[in-house]
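Visitor: I have a model on my screen and a few labels I would like explained. Could you walk me through them?
Guide: Gladly, let us look together.

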Amino acid sequence: MLFPILSPFAEVALLLVLATAIGLVGTILRQPLIVSFIAVGLIAGPSVLDVVRSDAQIDLLAELGIAVLLFLVGLKLDIKLVRSLGTVSLMTGLGQVAFTSIIGYGIGLALGLDHLTSLYVAVALTFSSTIIIVKLLSDKREIDSLHGQIALGFLIVQDLVVVLAMIVLSAIGIGAAADGHGPGSVPKVLASGLAMVVLVVAFIRYIATPLTERLARTPELLMVFAIAQAAMFAALCDVIGLGKEVGGLLAGVSLASTPYREAIAARLAPLRDFLLLFFFIALGATLDLSLLGTHVTAAIIFSLFVLIGNPLIVLVIMGAMGYRKRTGFLAGLTVAQISEFSLIFIAMGVSLGHVDEGALGLVTLVGLVTIAASTYMITWSHQLYALCEPLLGIFERRGTPREVSEAGRHRDSSGQVILFGLGRFGTAIGLRLNRQGKKVFGVDFNPAAIRRWRELGLDAQFGDATDPEFLAELPLQHASWLVLTVPQQMTGLTHEDMRTTLLQVARSAGFRGRVAVASHTEKDTSALLASGADVVLEPFQDAADRAVELLCGSREERRTVIPEIETEGRQMS
């Protein structure tokens, strides 16, 4: 025993210090906090430091953490959002869940697991971590890309599966309770569950929006109310036999249609991460590391299936639906890990007596391996695609009807300006060039930006500036200007300037015109000029220069120019 018996407060303080230290190491290794938190639980558990002795207090914080986590999941399940899911997100999400479950179940049986344990493990393998994927895609500025939007869509589908899985487990728990408390338990609890659903519907219809509008006048009170809602519903559902998890979900659903759900979710995310630490500590305290060694072979096989099999399943489904192999590959990488829900799901099975702690240890090992490995896979996704691209042709249908190239119809046009990056700055440039009679062809990897650009009457094509195959299809030989307003992008573990790469690829593809590139720093400007840019646009500096001209110019000039700027601002908004 390395540590003497500590007071609960001192014990929690020690655990927080340990979490900070391990989290710092994880950050240096570019690992998400979930990996660090699982490591904290294992190290603080009985097999290493054995500092977790205040079981009641830690279990209470862990249960509150699960309630808040599932509350935030329910908060995303707005009916309007669910209805807006595209066909690709729905089909890919359901297909991935179905195929992963079936194949995972077969692997479990082949490894000698019993039928029920194989089923539990297979279902756990279908859940991917929304927290990790959103963070990684946001860091890479790919959250608005086509593959990023598709990935977010089928993550919502997975969240729906989580809801159904939790409800099924609760129903199984009801059945187990009925065996010990008489046949009347099941009808009674089911009636109570129906009453809870009616309560949630009535709350959404008559109370949720006016109540949150009143509470939002004091933001701190709104947060207290949200936590109270999660805890109250969790406690109520636990009393009637539905379980705390279902209660947390219903609490989130009850506020999902309010205009303040995004604010609530943003404010509660840090609290969720803090409380989940205690879930992983409680999890680690129940695991014996000496027993985990017996599951190494099975953990490696399941991990390889998640890391390779899950992306392949998504790639096959998206390829069959007419998406390009690159889009399918990048979207598929986002499901190459299991999530915190996988551990919660297995932990519920242990509490019901359906699986033993060995299954929990197995899934924990798979979680550690897949989350750690997939983080690097997503971070290095473009380099990984370049490596695998020669082998992926079989996953792409001829013509890729879902991503029809429109670039070919511009090949005969000369003097054209091709503009990459259709944000506010790029759109402003495009509108002014169009007004001067220039032919402008916009490119962006955000479908919403393409849609807005076309609504303004300008020509545009969806495409990724980092995709050499897409660039080869553009009418680069006939363009007089290439304008790059895309920002510098984090790629891999180093800063790789996408603008420099794009400029080099365009030159090799036959572009002989002039290049204008946007820059935000003096260092950036020097590097871009050295890379061959003809003109460097500095939005902030140029805007300041123009502002000085307007301020120092005549009254007549100000009257003619400013209304024009205001009109364009309204068009863009």
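**Reasons behind the labels**

Guide: At 9% relative accessibility, Lys325 counts as buried. Please keep in mind that this is a predicted model.

Visitor: Why is Lys325 called buried?
Guide: Buried means under 20% relative accessible area. Lys325 has 9%, so the label fits.

Visitor: And what makes Glu389 and Lys325 a salt bridge?
Guide: The cut-off is a Lys or Arg side-chain nitrogen within 4 Å of a carboxyl oxygen of Asp or Glu. The side chains of Glu389 and Lys325 meet at 2.7 Å, N to O, so they satisfy that cut-off. The pair links distant parts of the chain, 64 residues apart: Glu389 sits in the loop between α18 and β1, while Lys325 belongs to helix α15. Glu389 itself is partly exposed, with a relative accessible area of 22%.

Visitor: How do you know that Arg261 is buried or exposed?
Guide: Arg261 has 16% relative accessibility, which is under the 20% cut-off, so it counts as buried. Its salt-bridge partner is Glu262, with the closest N and O atoms 3.8 Å apart. Glu262 has a relative accessible area of 54%; exposed means over 50%, so Glu262 is exposed.

Visitor: What links Asp238 and Lys244?
Guide: A salt bridge joins their side chains, at 3.4 Å from N to O. Together with Glu63, Asp238 and Lys244 form a network of salt bridges. Asp238 has a relative accessible area of 36% and Lys244 has 27%. Partly exposed covers the range between 20% and 50%, so both residues get that label.

Visitor: How do you know that the length of helix α10 agrees with its number of residues?
Guide: Helix α10 has 22 residues, and at 1.5 Å a residue it should span 32 Å. Its end C-alpha atoms are 32 Å apart, so the two values agree.

Visitor: Which residues of α10 are buried?
Guide: Among them are Leu222, Phe225, Gln229, Phe233 and Ile240. The buried residues cover an arc of only 160 degrees around the axis, which puts them on the same side of α10. On the other side, Glu220, Val224 and Val239 are exposed.

Visitor: What makes β7 mostly covered?
Guide: Four of the five residues of strand β7 are buried. Strand β7 pairs in the parallel sense with β4 over four bridges and with β8 over three. From β7 the chain crosses through helix α23 to β8, and this β-α-β crossover is right-handed.

Methods: Residues numbered from 1 in each chain as written. Predicted model: local features only at pLDDT ≥ 70, side-chain atom pairs only at ≥ 80, totals over all residues. Heavy atoms only, no water. Helix = DSSP H or I, 4+ residues; strand = E, 2+ residues; numbered from the N terminus. Expected span 1.5 Å × (residues − 1). Buried < 20%, exposed > 50% of the residue type's maximum accessible area, 1.4 Å probe, protein only. Arc of directions from axis to C-beta. Pairing = 2+ DSSP bridges. Right-handed = clockwise from strand over helix to strand, strands pointing away.
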